[in-house]
Amino acid sequence: MKETGFVKEIASQEEAFSQWYIDVVKKADLADYTSVKGCMVIKPYGYGLWENMQHCLDRRIKATGHKNAYFPLFIPESLLKKEAEHVEGFAPEVAWVTHGGSEKLEERLAVRPTSEAIIGSLYSKWIKSWRDLPVLINQWANIVRWEKVTRPFLRTTEFLWQEGHTAHKNREEAEEETLKILNVYKDYIETDLAIPVIIGRKSDNEKFAGAMHTYTLEALMGDGKILQAGTSHNLGQNFAQAFDIRFLDENQQEQYVWTTSWGTSTRLVGAIIMVHGDERGLKLPPQVAPTQIVLVPIFFDKSKKEVMEKTREYKRLLEEKFRVELDDRDSYTPGWKFNEWEMKGVPVRLEIGPRDLAEKQVTAVRRDKGNKIAIPENELVPALEKWLNDIQNNLYIQARTRLEENIRFTENYEEFKEIIKEKLGFIKAYWCGDELCENQIKAETKATIRCISLEEQQGKGKCIFCGKESTTQVYFGRAY
Ligand SMILES: [Zn+2]
């Protein structure tokens, strides 16, 4: 059997992680560049992955009482300008529509960089009384942010996401919602995407423009850098005041609502690639893989008819339970096909040849561990069900182990710098809370506070930079 040099066409993950990433995106047929700078096309295989991710998250969002809606792509300039911090934060990356055909518009329209402004203006119309609350809406949409440096999925000028926007009658409910969504995201990312995350609160420097505070989920990538996987913002009454969202409470008192917003995007496709991928390409968690099982018939001229018939029979059987692909292309050798499906990260490959037929079995190969077993024909469905579960768990455990091995605590700034230089990963340290220390660390090491730990606020130590006594532990890292 001719093993081709398929995988040799991608850069080594070990030696050139960034190039490896780009190579996998292209070679696994997830996305391609376009003539619009910074904008990618998500190809069918990549889009199939995104659709499965959407489906998993959408189910969780709806199960917690939210409903989907769709708001306009354009935001009048006057609306965007209403929340001062918000507009200041987003102004540098807004794309503007100035003309309709050849006619100059009276007011410029922003192509949404996020939708708080347009949605806030509508909530002020819809919410009148405490009986109208809470409002729990999510939208799946595209977003435009004029980025200078772009990379497929991780940072693109146009990207896809979901953004939730909720309104509540008091501070407690808004905070409860913000944390509820943080946990919805955590379950989704850890269970469905098999990516372990560290959750926490952003420092004021890193929080969402206009938010009271921001919670975040941070994940470790294969190269030791950190990716922000999702955020959930408690907007307090900032946007309610800016957009005049008021209601009459139970005592007929007029009050401003409390709002939240939260989002995750196609960046998470990039996270899946960088967390699970290896030297042979992608490795997809079965839960979201567009193809969970690929069937590859192996035949010689005289066994072709028999093998093909049996393979089609298996396909019909498995299709009832799994997402299945039959690779019956004549123009490629089985070896070529194996490489290609490994590159695409399909969790299980089934090989069906004349010997398998004779033995009433199929040969199954796992993408995550590479091991090969024979499964008796009559045990096929339960055996594969178990395998896919095992793979999902194994991917999570592998990622979890790497995460735990790459969280390092230090109270010594020299050691901190050494870790950033040599190993990356998360660094746990005490921080005095002063922006000056935060900014100086960033300037010297490019490491930022990824989040302030929610769990470990006991004990005290010395600020990693200035040495002042502190009880606040934070996670530092160099981020995408
Ligand atoms: Zn300090």
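Over how many bridges do S5 and strand S6 pair, and in the parallel or the antiparallel sense? Keep that in mind as we set up the view.

This is a predicted model, in which local features need pLDDT of at least 70 and side-chain atom pairs count only at pLDDT 80 or more, while totals for chains, interfaces and linings use all residues. Residues are numbered from 1 along each chain as its sequence is written.

**Stop 1: the domains**

Colour the protein chain by its three ranges: domain 1 (12-276), domain 2 (293-390) and domain 3 (407-477). These bounds come from an automatic or database domain assignment. The centres of domain 1 and domain 2, taken over C-alpha atoms, are 40 Å apart.

**Stop 2: the opening question**

Select 95-100 for strand S5 and 103-111 for strand S6. Helices (H or I, at least four residues) and strands (E, at least two) are DSSP runs, numbered from the N terminus. S5 and S6 pair in the antiparallel sense, over five bridges; two strands count as paired if DSSP finds at least two bridges between them. Click on Ala95 and you will find its bridge partner, Val111, in S6.

Now add 74-76, which is strand S4. The three strands make an open sheet in the order S4-S6-S5, with antiparallel pairing. S4 and S5 are the edge strands, each pairing on one side only. From one strand to the next, the twist averages 45°.

**Stop 3: two helices**

Show helix H2 (residues 44-63) and helix H6 (residues 171-192), whose axes come within 10 Å and cross at roughly 150°. Axes are lines fitted to C-alpha atoms, for helices over the stretch in contact, and angles run from 0 to 180 degrees between N-to-C directions. H2 and H6 are therefore roughly antiparallel (angles over 145 degrees count as such, under 35 as roughly parallel, 65 to 115 as roughly perpendicular and the rest as oblique).

Turn on side chains for Cys56, Leu57, Arg60 and Ile61 of H2, which meet Val184, Asp187, Tyr188 and Asp192 of H6. Residues are in contact if their C-beta atoms, placed from the backbone, lie within 7 Å. The residues of this contact divide into five nonpolar, no polar and three charged.

**Stop 4: two backbone details**

Most residues other than glycine have a negative phi, and most peptide bonds are trans. Go to the loop between helix H5 (116-126) and strand S7 (135-144), where Pro134 has its place. The peptide bond from Leu133 to Pro134 is cis, with omega near -5°. Next, move to Phe153, in the loop between S7 and strand S8 (158-168). The phi of Phe153 is positive, near 70°.

**Stop 5: a mixed sheet**

Finally, look for the open sheet of five strands in the order S16-S15-S17-S18-S19, with mixed pairing. Its edge strands are S16 (324-326) and S19 (372-376). Neighbouring strands here are turned by 25° against each other on average, direction ignored. Strand S15 (residues 293-297) pairs with S16 in the parallel sense over three bridges, and Leu295 stands opposite Leu326 in S16.

Add helix H9 (residues 304-319) to see it lie across S15, S16, strand S17 (348-352) and strand S18 (361-366), running at about 170° to S15.

Key. Two residues are in contact if their C-beta atoms, placed from the backbone, lie within 7 Å. Ala, Val, Leu, Ile, Met, Phe, Trp, Tyr, Cys and Pro count as nonpolar, Asp, Glu, Lys and Arg as charged, and the others, Gly among them, as polar.
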